[in-house]
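Visitor: Could you walk me through this fold and tell me how each label is earned?
Guide: Sure, let's look at it together.

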Amino acid sequence: MSEAGMRSGVKSVGRRLLWLALLLGSVVMASHAMAEDGYDLWLRYRPLESPALERYRPLAAELAGTANSPTLRAAAAELQRGLAGLLGVQPPLSERVSRAGALVFGTPSSSDIVKSLNLDLRALGAEGYVLRSASVAGRRVTVIAAATDVGVLYGAFHYLRLLQTRADVSRLELSASPRVQTRILNHWDNLDRTVERGYAGESLWDWHKLPDYLDPRYTDYARANASIGINATVLTNVNANALVLTPAYLEKAAALAGVLRPYGIRVYLTARFSAPIEIGGLATADPLDPAVAKWWRDKMAEIYRHIPDFGGLLVKANSEGQPGPQDYGRSHADGANMLADALAPHRGLLMWRAFVYSHEEPDDRAKQAYSEFVPLDGKFRDNVLLQVKNGAIDFQPREPFHPLFGAMPRTPLMMEFQITKEYLGFATHLAYLATMYRETLDADTWRKGRGSTVEKVIDGSLHGYRHTGMAGVANIGADRNWTGSQFDQANWYAFGRLAWDPGLPAQAIAEEWTRMTFGNEPALVQPVVSMMMGSREAVVDYMTPLGLHHLMGRGHHYGPGPWVEGGPRADWTSVYYHRADRNGIGFDRTARGSNAVAQYAPQVAVQFGDARRCPEQFLLWFHHLPWDYRMHSGRTLWDELVVTYTRGVQAVSAMRDTWAATAPYVDAERHAQVAAFLAIQEKEARWWRDASIAYFQTFSGRPLPAGEAAPAHSLDYYKSLEFPYAPGHH
């Protein structure tokens, strides 16, 4: 072949290869378009099927409103994005109604149409909204209206949620407003991008590139939070770094605040109590020292110059080695009030965590927060909220409600739930936490008679609190799917929905999330919701049955460690909590033991304090009982313990089967990841069961019940396992 012919042949082959590459590229792009990695969360806006498409399309033929503020622009953009995705057509935006089926949005001040409807919006407060079917100039329209721009944004997300869940929107007449004022995520994120108790990769906040580079994910984070009514975020770890209060970092925080502001989200920071020494050059951080108080006043003024709508501070003090007012012989009220006074001129809030414990009360760590804070009731400034965990120990798979709830009528208490699953199997175990949140909120404190539920403490109605709040320790990271697993997204979602309305049923939230996240087919929704509703109980069964608690590996809290003892603190060990010996197991918190029951109202104390009346799910939390104690089932305590561990493993096995059957309804990428994680969960549930039984059998000395499998390995094998690089521990 001649040289010219060869060149021509090469060109021809090159053209064919290029054509093939382009073809393959388009195939790959098409497959990527169909694949889902979870990035879109519950805001997927996938095309509707018939007949829903035909039902909804005529009701959203155009968007009528004036997007004359950043928040209204965000609302309009979300409606256009959502409707384009769901209906396949992006409705045009106009300032007036020009056709039937218009979607009207706005406030009385931004929209003459909304103003003309004379809706009573004042009763809905600053964040409430109405969704209403109406008639404008003889044309049928749907109205999303509120007194404020952020209310319109919340209403827009609610309307899109109705479409995503296939609700009837033809005759709308609903209104909504939040029952809790401050609905806040606590990010335990460090300035080096590590995340304490984070199981979804490094921190979302790229401090090094801020303030000049604003990752588009920050906007998607804001959208996701606004869609569920979250209106505040703490950017930094409660184990605080004083550097975040320096000018360079305040600029960075201000840049983030600028992204979040249009979505109704206020930025908060954590304050290290010793910051006046560490970054201020003072010799002391004594809250009663005038120079210290002045330093904080000046620092707050500086922060508000950077971030005019700064929300305030979250403080962890005198707990787990963190500095605090007690270092100077001062009380929590002294410390909190000094900071609250610095925030007050700017209308900022101070959230002071009640999670405190020290060596001073060695008989029972569960009692310390109550002992320290109840005597201070009524002594805090009126812009202080005490942030109280749902239980008195530390985010265990199950805890009785914290005795502080109901016990401080003159001090606003806000709830702190954990969304990240520090003690619940990290990101790979499926544990839908709305059932746990619901269990706490439904608990009756009896402080003002029957029906004095924790829910009524949190929404402020029981004691008439001026400020109300609910915090969730975030599970969000830089992973593409945000939370480390698909189903952990449901816990973020559920937290937001319950912060907005603490009365919502866990099952309704699960169904809503499933429909938005995976699809509306009944053959998918029913089994997935049922799997979610039983999932956290399964985790309790294979990890901490019958009221056992704090049995995890030391430090990282990964895997079973009921044998953990020794070290710097007794209350960081497992043996401190389960107290197993040849005579029995459990922590005696009755009047014969630590008497922690006395911190509850008498009606609750008498129930928890009587082994026969105590709910068996809390039995070993409050009672040390013999191995042959007779349970309600008729089994001995030992047999019941083993049977419960096994039931937990079986429940995970059943979840795997349930999920496998959903394959026809879920995209392959997300389905495969969930299936792989459920396989990990079953393996680790079996590990938990076997290691725990092997250990506790050394005390009970009893055989396993008939039909129960022996542990797969020796106790020494389980004790020998080490995990120095388990995620999330710092």
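Visitor: What makes strand β12 (residues 384–389) largely enclosed by the rest of the structure?
Guide: This is a predicted model, so keep that in mind throughout. Six of the six residues of β12 are buried, so the strand is largely enclosed. The cut-off for buried is under 20% relative accessible area. On one side sit V384, L386 and V388, on the other L385, Q387 and K389, and all are buried, which leaves both faces covered.

Visitor: How do you know that β12 pairs with strand β11 (residues 349–353)?
Guide: Two strands pair if there are at least two bridges between them. Here four bridges join β11 to β12, and the two run parallel. For one of the partners, take L350, which is matched with V384 in β12.

Visitor: And which strand does β12 pair with in the parallel sense over four bridges, with residues 413–418?
Guide: That's β13. K389 has E416 of β13 as its bridge partner.

Visitor: What larger arrangement do these strands belong to?
Guide: A closed barrel of eight strands, β7-β8-β9-β10-β11-β12-β13-β14, with parallel pairing. On average, neighbouring strands are turned by 25 degrees against each other, direction ignored. Strand β10 (residues 312–315) is in there too, joined to β11 by four bridges and parallel to it. L313 stands opposite L350 in β11.

Visitor: Which helices lie across barrel strands?
Guide: Among them, α10 lies across β10, β11 and β12, at about 160 degrees to β11. Helix α12 (residues 434–442) lies across β13 and β14 (469–473), at about 155 degrees to β13.

Visitor: Why is α9 called oblique to α10?
Guide: The axes of α9 (residues 290–306) and α10 (residues 332–343) come within 8 Å and cross at roughly 40 degrees. Under 35 degrees would count as roughly parallel, and roughly perpendicular takes 65 to 115. The crossing fits neither class, so α9 is oblique to α10. The crossing is right-handed.

Visitor: Which residues make that contact?
Guide: From α9 you get V292, A293, W296, R297, M300 and Y304, and from α10 M338, L339, A342 and L343. They divide into nine nonpolar, no polar and one charged.

Visitor: Why are α14 and α15 oblique to each other?
Guide: Helix α14 (residues 488–500) and helix α15 (residues 506–517) pack at an angle of about 130 degrees, with their axes 10 Å apart. Roughly perpendicular runs from 65 to 115, and roughly antiparallel needs over 145. The angle falls between those two classes, so the pair counts as oblique. This crossing is right-handed. Q489, A490, Y493, A494, R497 and L498 of α14 meet I509, E512, W513, M516 and T517 of α15. That contact divides into seven nonpolar, two polar and two charged residues.

Visitor: What makes β2 (93–94) and β6 (173–176) edge strands?
Guide: Each pairs on one side only. They belong to an open sheet of six strands with the order β2-β1-β3-β5-β4-β6 and mixed pairing.

Visitor: How do you know that β3 (residues 102–106) and β5 (residues 139–145) pair?
Guide: They share five bridges in the parallel sense, and the cut-off is at least two. V104 has V143 in β5 as its bridge partner. Helix α5 (residues 149–164) packs on the sheet, touching β3, β4 (129–136), β5 and β6, and its direction makes about 75 degrees with that of β4.

Technical notes:
Residues numbered from 1 in each chain as written. Predicted model: local features only at pLDDT ≥ 70, side-chain atom pairs only at ≥ 80, totals over all residues. Heavy atoms only, no water. Axes fitted to C-alpha atoms, helices over the stretch in contact; angles between N-to-C directions. Left-handed = near helix turned anticlockwise from the far one by under 90°. Contact = heavy atoms within 4.5 Å. Nonpolar A, V, L, I, M, F, W, Y, C, P; charged D, E, K, R; others polar. Buried < 20%, exposed > 50% of the residue type's maximum accessible area, 1.4 Å probe, protein only.
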